[in-house]
Every structure is written in C-alpha cells, then in structure tokens.
Amino acid sequence: MATVMEMPKLSDTMKEGAVARWLKKEGEKVTAGHPVVEIETDKATMEFESPASGTLIKIIVGDKQTCDLNAPIAVIGKADENWQEALDKYNSKKKGGAAAPAKASAPAAATSTTVAAAPSASVTPTSTLDRLRASPLAKRVAADKGIDLRSIQGSGPNGRIVVRDVENLTGGAATSSVAVPGFSAAPAAEMEKVPLSMMRKTIARRLVESTSTAPHFYLTISINMGPLLAWRKATIAKVSEAEKFSVNDLIVFLVSRALRKHPNINSSWQNDFIAQYNSVHMGVAVALPAGLVTPVVRHADKLSLVQIAQKNRELIKLARDGKLQPDDYSGGTFTISNLGMSGIEEFTAIINPPQAAILAVGSTVATPVVNEDGDVEVEQRMRVTLSCDHRVIDGAQGAEFLKTLKTYFEDPMACLFMG
Amino acid sequence: MPAPTNAQLVEFYKDMLLARRFEERCGQLYVQQKFSGFCHLYIGQEAVSTGTLNAIRKGQDYVISGYRDHVQPITLGMSAREVMAEMLGKSTGCASGRGGSMHMFSQKLRYLGGHGIVGGQVPLAAGVGWKIRSMKEDLVCLCFMGDAAINQGQFHEALNMAAIWDLPVVFIIENNLYGMGTAISRTCSLNVLADRAKGYAMRQAVVDGRNVLNTYAQMYEIIEETRKTNKPILVEMQTYRFRGHSMSDPQTYRSKEEVERERSQDCLQTLRDHMVANGVATDDDFDKWEEEISEVVEDSVVFAEESPEPELHTIYDHVLAP
Amino acid sequence: MAVISYREALRQAMTEEMERDPTVFLMGEEVGEYNGAYKVSKGMLAQFGPMRVVDSPISEAGFCGLGVGAAMVGMRPIIEMMTWNFAIQAFDQIINHAAKMYYMSGGQFPIPMVIRGPHGAAHMLSAQHSQCVDHMLVNVPGMIVISTVIPADAKGLMKSAIRNNNPVCFLESEMTYGREGEVPDGEYLIPIGVGDIKRKGEHVTLVAWNKMVYLALEVAEELAQEGIEVEVLDPRTLQPLDENLIFESVRKTHRLVVLEEGWGISTIGNYIVDRTVTECFDELDAPPARVHNHFVPMPYNETLEHEVLPNRERLIAAIKKVMYR
C-alpha cells in the first residue's frame, strides 16, 4: 500500500510550501523517519522525514516548485507499484478531490526569519482565490511576480485588488502604469527584477499587517552607558573566552530583567484579551543578506549573562547558516533591534505582531551633558526607542518601563537589588 | 410591328411549354422536399413572360421583377439547369445558391433579379431608367410586379420620379387578381389598376396577358414607344395564376369554378389552337415538343441534384465586393 | 494644406470624384438649386448640371431605391439624406436591397453607392430629428459604415467611399459642418476600416467617433491637468471596425471607456466592450465603462437634452471610475 506524502505545514505562518530540493531521486529507497526532502517555509529551509519506508516511486512537486499546504508532493511505495493509482485513491478519499498542482514559480534561496511569531488563522488552500476580487490585470501581474494576492488589500470598489495595489506592494511599476500624479516609474531599462524569496514575502506581509493594525507610538530615552561599559571592559578582561559577553548580550540581559518587572510591556494583543507573559522570550533581530531573522532566547529573564551570551552566539550562527528550526524563532514575547553597531544613533522599529512592543537600540555616542552642578560633562550616551502598541500599552506604562531600564543600565547594582 | 413568323410561334409555344413543365416539376420537387423555403409558381401566367420578353432587345434591355421569377429568366435565355440548380440551392445555380426561388439573377442577361419585398424593386427600376437617361442609351427597363405592389408607398414614389424625370421604364402590373390570398378588389379602390398612372400624369395601358400573341403585339408597341420617348408607362397585364400564391396556399379565397373558367383560357391551349388552325404545326409536332421539353426539364433536375453544394468556406464570399 | 470647413471638405471630395468619374451623381432633397440643406453641395449644380446634381422629391425610400437600381447597372450614386432620421424611411432599400444585392445575386451585382447625411442629435430638434442609427447599420452585413466629422478624415474617407464598390453609409453631423481643420489638397484617400489615434495617452483608452471626438478631446485636455493622460481613439469606420487598434491601445492603457451617442443597448459601444473583454481580458485593470444617451426619446428642452446626451460631466466620471480615482 503506497503512501502519499503531503506538503507539511512547518510553521504557523506558512501559507504555501516549496520543495527546496529532494534528497532522494525517484526509484531510490527511503526509510521512515529519515530525511527525504528539504522544504522551504516562509522562515527556513528544513529537512523533512519520509513518512514511510519503501521506494520513492514518484516526485509530484519537484525541486524549486511550490504548492499548497497538504498537497501531495510524492508517492512512496513498492518499487513496482503504480503511483498514479495510489494518487487517484488518495485524491478520491480527500474531500474536494483534485490534488493541488505544483506552481511554476521558483522560490529564492533558502533562509530563515522570525518576522512572525504569532499563530495565524488556518488557511484553506486554493479556494481562497475564488473569493478574492482582483482585476484581470492585477491577477496576471501578481502571478508574473509570484505575489500571493491574498496578502494584498484591494483599494478598488468592494475591495477589488487593482494593478496599483500589486505595484505598491512591489514598490515598482509592473506595467506601463498610472495612478498617482507626480509619480513616475523609472524606465524598465533602469531596473532589475528581484524575485521575492519566501522570507521577503513574509516580512512584507507581516510588517504591513503590523503597521496597518497596531497603532504605534514611540518613546525615546537617553542612557548614560559610561559606568556599564567600564564594568564590562574590566570584567571581560578577567574571564575565560567562553564566558565573554558583548554589549548586546548585556542589553538582552538587562531588558529581560526590566520586562520581568513590567509584565504589561511583555504582553500581546489577542483581539478579545491581552496576554501578559510570565516569562521573557527575547527576540533578537539579526540582519542577514536575504532579510531579517529574529531568533528567540527563551526564558531570557532567568538566564545568567553568560548563558545569554552563549545562547546568542549559538542562534546567530544557526541563523547565518539558515539552519534555524521553528522552535528557534517562534514564541517570542518581546524584540530588541540593535543597530548601534552600524552607527545608527536613534531609530524607530516596527512592532513584531502580536507582541506589544519592540526596543530600538542606537549606538553609544560621547555626548556633552549639563550635570546637576550646571557644568558641562562628556558622557557615553545611548538612545533607545520603545515602539508600543497603544491597544496594549499606554504612554505612562511605557515611560515607567523605560525609567526602570535606564536605572538598570546606569546602575547595574540596582538590577541586582530590584530585579 | 412585324407579325410573328411561324418559327417565332413555335418558339413562343415551346417557351411557354418549358415554363409550364418546369414549374410543375418544381411543385413536385417541393412536395418531395427536394428543396424548401418559398416556391411561387408561374403556372397560368406564361404568356406574360413569353409575350413581353420576346418583344425586348434581349441582353440589352433591362428586366427586373418580384419573387414570382422562375420563368422570366428562362424566357430571356437562361438555361433550365441554372434555374433548377438555384431552386435546389446548388453552387451551379444562377445565384450560386445564395438567392433561391425568389432571387434569380443574371448579369449577362441583364436580369436584375427577383426581389422578395413587395414593391421594393419598383424604385430600383427607376434607378435603371436613370442610368439609361444619364448615359443616353437607346434602352428600356421592364419592371414586373404583382398587383398588390401598387399599394406600397415605394411604388408611388418610384412612379412619381419616373414621371417627373422621363425615365424609360415600363412598369408592368401582373394582375392575377390576388395579392397573396386577398382579392385586389378588396385592397384597391380602382377597378382598373392602370389608373394609378393618372396620379402621375403617366401613360397607361391594359394588356390581355392570357393570349401570348396579343401580349407580344401590344407590349412591342409599348416598349418601342417608351424607347423612343423615354416616357414611362404603367401597364396592367391581365392574367391568372392556376396555382396558389405559394405551395402552402389552400386557395380558400376563390372558387373552383373561377379557376376552371380561367383554365379554359389557358395560354398554351389558345396558342396551340391558333397554330393548328393556321397550319403552323400538327399534333405530332406538339407531341414531339412535349417530349423534347420533358427531356430538358428532367435534365435540369438531374443536373441540379448532381451539382455540388456550395462549400462552407465560401460562406463569406460576396458579402462585400472587392 | 488649406484650412477648410467640414462641409467644404465633403464638397471637395464629392466634386473631385464627380470630375474624375462621369458615373458619379448626387441626388437628394434640395441638393441642387437650394445648394443643400446644410450647404454641403453649394455650387455643385452650377458645375455639374441637373443630371448629376439632382433635386429629388421628398421620397427617401424612392430615391434611395433609385440609387440602388442605378448602382446595379454601373452608376455610382451619392444619395444625400437630409438627415439619417429620414433615412429610416429608406431602411427597406438600405437593408433589404442595397446591403443584400451583391450576396443574394451570388456576386453578380455590387452596389457602389454612398448614402450620406447628418446623424445624431443637433440642438433642440427633439425626438424625431435627433436619432442615432449607427448601431442599426453596423448590424447588417454587406455594407460599410463610416462616421467622421474631422475635415481631413471626411475628405479622405468620402473619396474612398465613392470609389468603393459597396453600399457605404456615411454619417455626418449638423453641429460640425462649420468646424475647420487642415485638409490636404487634391488626391487624398484614407483607407476604409482604419482608425486613428487623435490624442496619445497612456492611462485610459477613450473610443469615440463622429462629433463625440470633439468632446473626447476637450475632456482629455482637461484631465491631463490632473495627471490623467487619455488616449482618444477615433475608429472613423464603424463597419468594418479597426478592432486591432483598440486592442493595441487597451494593452497599453489597461482601461477602456467608450463614448457614443445613442441609447446604449446593443450598440457599437457594447460590441467594442465585448470584443475587448474577450481579446484583452488579462490586460484590463477595470471593467470597461460606457457613456451614452439616457434611454428616452430626445426631449426638446435644452437642459433635458444636455442631460440625455453624453456630456462632459458623465464622461469625466466614467474615466475616473476606470482609473479608480
């Protein structure tokens, strides 16, 4: 009895799957529980195990092809078995009958991302398109560009997706186009079409969702980093290589401790209630060539500084190698985005939904400051900006959290005492 | 007018006999469902076609008609084959199977068609007259119509124009007493249909269309007068159709006695009697011609039946002229 | 190139063709001594005489039928209808005779004839004198239908129409006889069935003909101020229609508006939309829009008439609708 292998749903936000590559060829033996295919999700490329032992008698969705979730991707059975019969039997059993055919678009190179950590509503494959309203041209352009129309909000009558909606998403004119006076697209000769990776599509969709649903406000505070940096410098000179820690590790450590004191910041909007989390699972944004990933340091508020440093090093390596697993990037309760090492002094970040806040960390800069005696001194100052979802957090609550944060940074002893 | 020679009399007789036998065969083929649509038979009116069209310059003068048009082209010289093939809608028909029973045409014979809209051909005849006048030709146009056409507006408009511009057109009302199933006496206030001409200060004439010799003689005079003067004329041709208006006509509008009375003046019998009485032909001659004509008619049927259907890819041919 | 009026352009075309071909003649109500109801044939009687410029009785069916008969035997009549409203009297001749003759005679009798006259509404002429029949005419195989009011196009197409071997319905407009434009001198022929882009634009294709071209061009200029570039396409010939020119334009603009006089049901606009949706389905970013008369007989009252006819306001609304603006 042959087994039909389906496209697995490997992350909550995954809406379609792509076969990165088959590890076995048609006709080769496979063993249940052993990897047989690499699947590219919206976040990562993951090995996936064979559901049965036998021969891989038919590959339905080939390398670099995408298909809907739970669509058949291969048939495993005895070497001489008729795969078509097995597939027909499978299809007739499956309600709705026909197998979703493979789509032609080739996904970009695999990487991983945790732009999204939230559970999302389950998706019904294929039939969703029937309910979409889109102009024929918008459909064609979206198909050409590999854009999922379901990720687009239509601006036409009855929410019809029109070509400008598709173009706005891709930030360029796909057709000889129209629309906004004063806007003229660069001539086609001056642009290069960059295909969208699964990661890029996910980033786009999640961040549009965040800015269009979560009302953001921003609070900035300046922190004197002089004492902390001096302490770090003195300390890492004394410890072993394995125990060394970065400024970023310190930030994760201190922010986690501050969040423990302010659970109203460590929370998320859940439509009919607000979830406040008992533990801090800290997302740390990592920039990669293909986009942004946010691996999660679990229980960061309970880890020692050294443990945090080790965990950070481990996750960054996995991210750079494209080897993050869903557990590594899901379930975050708060996110830190640090562009200080890039020389950015201050910026605002977009909240990673459904989290309620994100902290944007700028670089530490020597800054003249008027002290209590009215004299000007030079201090090492770092500016951090908290982006808050106003549905969850009010201004004063955010300010309280930043006050705690400032205290911890400027007086780590206070953290020991208060945190 | 030169009196018809004996040879001409034979020709007239054979022409009318061919017309009669041809139309009878058409009627048979229709009920055998060899063709469909319309079929307006000329049986009884043969002397009109033979007498009139032998009085013109065939191939030069123009002739246009209504939809009772199977016989006139034959008198003008069209082969029975071409007419029968058109009846059957074949590619060898005189309109390549595009016209059918009501629309016989011949560019060569200057037969400008059978036309299907009652009275619609009358202004066309005025246009032909206009051309003859414009080009200063020594020709006439004959325009046949049924009696009911004189109640159509276009008839009046055309007669008016022909009269004011002196167009050489002979308008011929074939008065067979019925417009389809309605007696003309019920639809026209005039007792003499030719009196319509009075409204246009046009010449008029009433011609006995049952006797081919009368018809020929009178029409010859009328046509030549028209040729000479360019003055149009309205001719009421008295005739009768022995058959119904069309194949589906139950003829409840007229009595059997009336039909029998008319049949006693059958143009074929009248001419035959004349020819026998004057020693032009014997019974043997008539038997021989009957056989000859029968062969011509049967040949036309075989030809039509064996002719190819128009090919489908030619469906767009002749929509627009190059 | 001389700047002359539309009526002069038509007259020039007819005069040149009558000089060129002795079989061409002009017949209609008041075309001779009165110089034409709209002075299109001014001076032609003096030049050509009464056998070639012919005052007819008021008998539209009659003299139109006369034209058909004359055409059957080698003449090339130009039949002037004082307006196309009156030509409805002659529809039996146009539709049953002129259009059918070549076909039902198996190709033996072509009808080289032009039937011409003003068409559509003018100004406060009310219900019986303001009708559009273009869509009725294009529905009949065996005829050519030309509808143009641009002086140069009128000359080039009228000359082609007179030389064509088929019945040609030539639709003019009272409102534009005096409008002027540059017209090439002498031999100038425009092929039948070829449309013309009157204004280039990249955002929306606006198909319009006859006097609606002027409204289309005015609105196009106005909308250019708002950044909407309208391509105004004049098919000039309605039967056969230059469909490919429309498709090419829509493939560029992705939007279609058809502006036409008439009642909007089973019209040329319907046909253009039908063909465009079929041929350019994947190119369309909005459902095509149409602007046409309200479905009422033409009222006499000026304000009501303005509302019934396609007007600037409704055209702008239609264009903005397909632009999602």
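**Exercise 1.** Locate Asn271(A) in chain A, then work out whether the residue is buried or exposed.

*Solution.* Start with the place: Asn271(A) belongs to the loop of chain A that runs between strand E10 (267-269) and strand E11 (274-276). Helices and strands here are DSSP runs (H or I over at least four residues for a helix, E over at least two for a strand), numbered from the N terminus. Some housekeeping before going on: this is a predicted model, where local features need pLDDT of at least 70 and side-chain atom pairs count only at pLDDT 80 or more, while totals for chains, interfaces and linings use all residues. Residues are numbered from 1 along each chain as its sequence is written, and chains are lettered from A and ligands numbered from 1 in the order in which they are written.

Next, count neighbours. A residue is buried with 20 or more other C-beta atoms within 10 Å of its own, exposed with 12 or fewer, and partly exposed in between, with C-beta atoms placed from the backbone. Asn271(A) has 7 other C-beta atoms within 10 Å, so it's exposed.

Finally, check the backbone: phi of Asn271(A) is near 70°, a positive value in a residue that isn't glycine. Most residues other than glycine have a negative phi, and most peptide bonds are trans.

**Exercise 2.** Give the phi of Asn230(B) and say how exposed this residue is.

*Solution.* Asn230(B) isn't a glycine either, yet its phi is positive, at about 65°. You'll find Asn230(B) in the chain B loop between helix H8 (212-229) and strand E8 (233-238). It has 17 other C-beta atoms within 10 Å, so Asn230(B) is partly exposed.

**Exercise 3.** Find which residues a cis peptide bond joins in chain A, and which in chain C.

*Solution.* In chain A, look at Pro353(A) and Pro354(A), where omega is about 5°. Pro354(A) sits in the loop between strand E16 (334-338) and strand E17 (357-370). In chain C, the bond joins Gln239(C) to Pro240(C), with omega about 0°. Pro240(C) falls in the loop from strand E12 (237-239) to helix H9 (243-253).

**Exercise 4.** Name the strands that pair with E8(B) and determine the hand of the crossover leading into it.

*Solution.* Two strands pair if DSSP finds at least two bridges between them. On that count, strand E4 (residues 169-175) of chain B pairs with E8(B) in the parallel sense over six bridges, with Ile172(B) opposite Val235(B). Strand E7 (residues 203-208) of chain B also runs parallel to E8(B), joined by six bridges, and there Arg203(B) stands opposite Ile233(B).

Now follow the chain from E7(B) through H8(B) to E8(B): this β-α-β crossover is right-handed (with the strands pointing away from the viewer, the path from the first strand over the helix to the second runs clockwise).

How covered is E8(B)? Six of its six residues are buried. In a regular strand the side chains alternate between the two faces of the sheet. Here Ile233(B), Val235(B) and Met237(B) are on one side and Leu234(B), Glu236(B) and Gln238(B) on the other.

**Exercise 5.** Describe how H3(C) and H5(C) pack, and what they give to the side of chain C that touches chain B.

*Solution.* Two packed helices are described by the angle between their axes and the distance between the axes. Axes are lines fitted to C-alpha atoms, for helices over the stretch in contact, and angles run from 0 to 180 degrees between N-to-C directions. For H3(C) and H5(C) the angle is about 10° and the axes are 9 Å apart. That makes H3(C) roughly parallel to H5(C) (angles under 35 degrees count as roughly parallel, over 145 as roughly antiparallel, 65 to 115 as roughly perpendicular and the rest as oblique).

Residues of H3(C) in this contact include Ala61(C) and Val68(C), and those of H5(C) include Ile94(C) and Met101(C); in contact means C-beta atoms, placed from the backbone, within 7 Å.

Then turn to the interface, which takes 34 residues from chain C and 33 residues from chain B. Helix H3 (60-72) and helix H5 (91-104) of chain C each supply at least two residues on the chain C side, and H3(C) gives the most, with ten residues. That side divides into 17 nonpolar, 16 polar and one charged. Ala, Val, Leu, Ile, Met, Phe, Trp, Tyr, Cys and Pro count as nonpolar, Asp, Glu, Lys and Arg as charged, and the others, Gly among them, as polar.

Technical notes. Two residues are in contact if their C-beta atoms, placed from the backbone, lie within 7 Å.
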